[in-house]
Amino acid sequence: MNERPSGWYDDPDDDTQLRYWDGILWSDRTMPKLRPGLDHVGEARPVQHVEEPPRRDGEPRTYPSHWGPEQSGRRDQFHGPQFQGSQPGTAPFGNTVGQPSGLIRRILATFLDRLIVSLPVSLVVLPFLGDWMTQMQEYVDRFMSAASAGEQMPTIPADLMTPPLALAGALVAALFVYEVLMTHFAGGATVGKRALGITVVPAGTAQGAKERLPLGRAALRALMKWGPDALALVAIFSGVAGFLQALIILWALSNAKRQGLHDLAVKSEVRRTR
């Protein structure tokens, strides 16, 4: 019989393992010799044997003290690596709830809002465009006939341009009203913004605080956002409208809070909600 105190010793069957000697017999409890995280054997070091009383049924396994204080003790006290700066509510790649929204999310949200508003406006207006559609079909037929015969193309009648402009104007007006109401009364998020996980809040709002943009500021913000679309309906202002739309987008890339010109004007921010 081996006369040695109970503790952890070199495993007689595997020189890379430690096996627990209970003072009488070898137990079935083993563990690696190396400290966790080492991928090779470094400088030879004597094994420090640790006295441990026999483990009762259900008692958690303990670790040798030479593994270090963070690994020794009860298994349930080891929580794995903790990354500096990790906080509850954070998302991967630095995208955190409450941070300024990226430009891609805002553009996609605006696109969704256009689709959502366009459908009901079109359903309301299209029944009144029956005569216009007939006249447009007649003009297309004349145009195709002239093109086939090699004749001069007919000039488009001015009255054919009025209904489309009216439809576009109705859509811009609907988008303006929709933006104002949703920004002020629906927690700063239109349907498109809610789908993309962003919302409009007053600048400086504390994270988690439920503050909404006042109605007047929400109206001014919507006017500056959709105003270029209204200007584009007038031919002589179409170039200016395009410039203003580009300026609003590019301005949001020039500052850390991603505020467009309309946000700066009314002191608002677009933040992520997830």
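## Exercises: a buried salt-bridge network

K193 is buried, and E179 is buried too (buried meaning under 20% relative accessible area with a 1.4 Å probe, protein chains only). The model here is predicted, with local features needing pLDDT of at least 70, side-chain atom pairs counting only at pLDDT 80 or more, and totals for chains, interfaces and linings using all residues. Numbering runs from 1 along each chain as its sequence is written, and side-chain values use heavy atoms, leaving out hydrogens and water.

**Exercise 1.** Work out which parts the salt bridge between K193 and E179 ties together.

*Solution.* Start with the contact: the two side chains meet at 3.2 Å, N to O. That fits the cut-off, a Lys or Arg side-chain nitrogen within 4 Å of an Asp or Glu carboxyl oxygen. Next, place the residues: K193 sits in helix α4 (residues 191–196) and E179 in helix α3 (residues 162–185), so the pair links parts 14 residues apart in sequence. Helices here are DSSP runs of H or I, at least four residues, numbered from the N terminus.

**Exercise 2.** Do the same for E179 and R221.

*Solution.* Their side chains form a salt bridge at 3.4 Å, N to O. R221 belongs to helix α5 (residues 215–231) and E179 to helix α3, so this pair spans 42 residues of sequence. Now check burial: E179 has a relative accessible area of 1%, and R221 comes in at 2%, also buried. Finally, zoom out: salt bridges with shared partners join R106, E179, K193, R221, K225 and D263 into one network.

**Exercise 3.** Find how far apart in sequence D263 and R106 are.

*Solution.* First, the contact: a salt bridge at 2.7 Å, N to O. D263 is in helix α7 (residues 261–266) and R106 in helix α1 (residues 103–125), so the bridge ties parts 157 residues apart.

Conventions:
Helix = DSSP H or I, 4+ residues; strand = E, 2+ residues; numbered from the N terminus. Buried < 20%, exposed > 50% of the residue type's maximum accessible area, 1.4 Å probe, protein only.
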